Amino acid sequence: MSDPVTARTPADVTVGGAAVDGAPGDDHRLVVEDLSVRAGRLGLVHDVSFRLGRGERVGLIGESGSGKSLTALAVMGLLPEGLSASGSVRVSSVDHDLVGASDARLADLRGRVLSMVFQEPMTALNPVMRVGDQVAEVMEVHDLASGRDARRRAVELLAQVRMRDPDGVARRYPHQLSGGQRQRVMLAIALANEPDVLVCDEPTTALDVTVQAQMLDLVVRGAAERDAALLFITHDLAVVATVCERVLVMYGGHIVEAGPTRRVFTAPRHPYTRGLVRASDLGALGVDGTDGSLRRPLPTIPGTVPPAGAFPSGCVFRNRCERADEACEVEPPWDGLPGDGAACVHPYDPEDTAAPGDTAASEPGGVT
Ligand SMILES: Nc1ncnc2c1ncn2[C@@H]1O[C@H](COP(=O)(O)OP(=O)(O)O)[C@@H](O)[C@H]1O
Ligand code: SF4
Ligand SMILES: [Mg+2]
């Protein structure tokens with residue numbers, strides 16, 4: 001896929017409340033500090049901190065159940081009933097914290113300053129409203145266009161997301177569109193008001209491969225044309241390697257590693273990231289420095305992600321980690337630079353590149 005964007009400002013990333021580089025708001029679109037999510041007494045996301053620069057594309061990866069969606073929903077102020085957020089979420093163009101802001105205030109900011117594309121567009125689209133009206137509505141709600149103007153702009157947006165016959169599509173209902181078309185309608189809605197921050201939560205997981213590549217291209221271009229910061233959530237490392245300049249790795253509600261995509265994928269420091277890289281097909285892209293010849297079957301990370309509340313104390317990964325010892329019974333400190341390092345007491349050496357299938361722990365068998 002072509003890459004129409006060049007990096008501008010690198011995101012600084014920290015974990016566990018460590019100081020972040022630079023003053024908040026200088027050239028950052030989004031600054032998240034010590035963001036935690038709880039269900040009553042149960043912690044689900046723990047002290048997550050990261051920054052997204054103007055026009056920057058950052059991936060958030062991890063197995064299912066790692067806390068990626070809850071992090072995104074907490075940033076958007078969209079947590080489901082029963083869950084609460086603490087910490088800080090600041091957007092450069094807004095002069096107050098989003099955590100603790102009223103529902104009315106958050107509703108005003110959503111779709112205008114921050115917008116999100118979800119994995120399953122049918123749950124986010126109104127089934128009984130024509131799609132053109134849904135795209136127009138998001139502009140009308142925020143007073144950015146109205147009446148005929150909003151409808152004309154909606155058709156333009158549908159054309160921008162490469163809908164053939166955008167006029168005809170605008171008159172259709174969501175169930176009359178394919179999955180890929182519905183995702184593009186969601187993207188048109190998300191981009192309608194020129195947001196500062198675009199969050200995409202597994203937007204291509206349900207799409208077939210050709211449609212997926214087209215959607216990724218539209219997301220990247222849509223964000224770039226608006227200079228929006230992009231937070232791209234996926235469990236597919238190949239997608240991150242294609243789309244993102246930087247990556248955050250999440251496990252057990254913690255960011256366990258962060259850094260430039262190439263560094264994280266070629267020389268992962270955290271054993272969890274190493275497992276993810278080994279279990280991915282990045283070798284086929286040459287991203288991990290191999291010649292592209294894959295061993296089959298692909299290794300997977302031993303064990304499964306525990307349910308919330310059942311992670312071990314200390315390092316959350318220690319019941320699955322090939323390097324675990326007594327030192328891992330306390331929560332590991334961040335090792336490395338704020339935006340480039342890992343939360344591990346025995347990280348792999350930066351010089352130690354990841355070769356797929358390079359330890360006994362990665363051998364298939366005894367694996368879930
Ligand atoms: N509404 C909820 N109430 C309680 N636990 C939840 C709720 N939503 C998600 N969880 C739990 O929080 C953890 C993280 O979930 P999620 O953010 O959806 O993970 P991911 O997006 O990485 O797959 C999971 O263990 C999940 O079961
Ligand atoms: S802190 Fe220990 S258990 Fe956790 S990832 Fe590092 S080596 Fe493994
Ligand atoms: Mg999710």
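Helix 1 (residues 68-76) supplies three residues to the shell around ligand 1, the largest share of that shell, where helices (H or I, at least four residues) and strands (E, at least two) are DSSP runs numbered from the N terminus. The model is a predicted one, in which local features need pLDDT of at least 70 and side-chain atom pairs count only at pLDDT 80 or more, while totals for chains, interfaces and linings use all residues. Residues are numbered from 1 along each chain as its sequence is written, and chains are lettered from A and ligands numbered from 1 in the order in which they are written.

The two ligand shells are set out below, a residue being near a molecule if its C-beta atom, placed from the backbone, lies within 6 Å of it. Ala, Val, Leu, Ile, Met, Phe, Trp, Tyr, Cys and Pro count as nonpolar, Asp, Glu, Lys and Arg as charged, and the others, Gly among them, as polar.

| Ligand | Residues around it | Closest residues | Classes |
|---|---|---|---|
| Ligand 1 | 15 residues | S66, K68, S69, L70 and A308 | seven nonpolar, seven polar and one charged residues |
| Ligand 2 | 13 residues | C315, R318, C321, C328 and C344 | nine nonpolar, two polar and two charged residues |

Across the protein, the secondary structure comes to 11 helices and 12 strands. Of the 368 residues, 48% are buried, meaning that 20 or more other C-beta atoms, placed from the backbone, lie within 10 Å of the residue's own.

Helix 8 (residues 209-226) has 18 residues and spans 26 Å from its first C-alpha to its last, close to the 26 Å expected at 1.5 Å a residue, the expected span being 1.5 Å times one less than the number of residues. Its buried residues are M215, L216, V219, V220, G222 and A223. Seen down the axis of helix 8, these residues fall within an arc of 165°, so they line one face of the helix; the arc is that of the directions from the helix axis to the C-beta atoms. They pack against strand 4 (57-61), helix 7 (179-191), strand 7 (197-201), strand 8 (229-233) and helix 9 (237-243). Just after helix 8, D227 takes a positive phi of about 60°.

Strand 2 (residues 28-39) and strand 3 pair in the antiparallel sense over eight bridges, pairing requiring that DSSP find at least two bridges between the strands. V32 stands opposite F50 in strand 3, and in the hairpin of these strands, with two residues between them, G40 has a positive phi near 60°. Strand 3 (residues 42-53) is mostly covered, nine of its 12 residues being buried.

Note on methods. Two residues are in contact if their C-beta atoms, placed from the backbone, lie within 7 Å.
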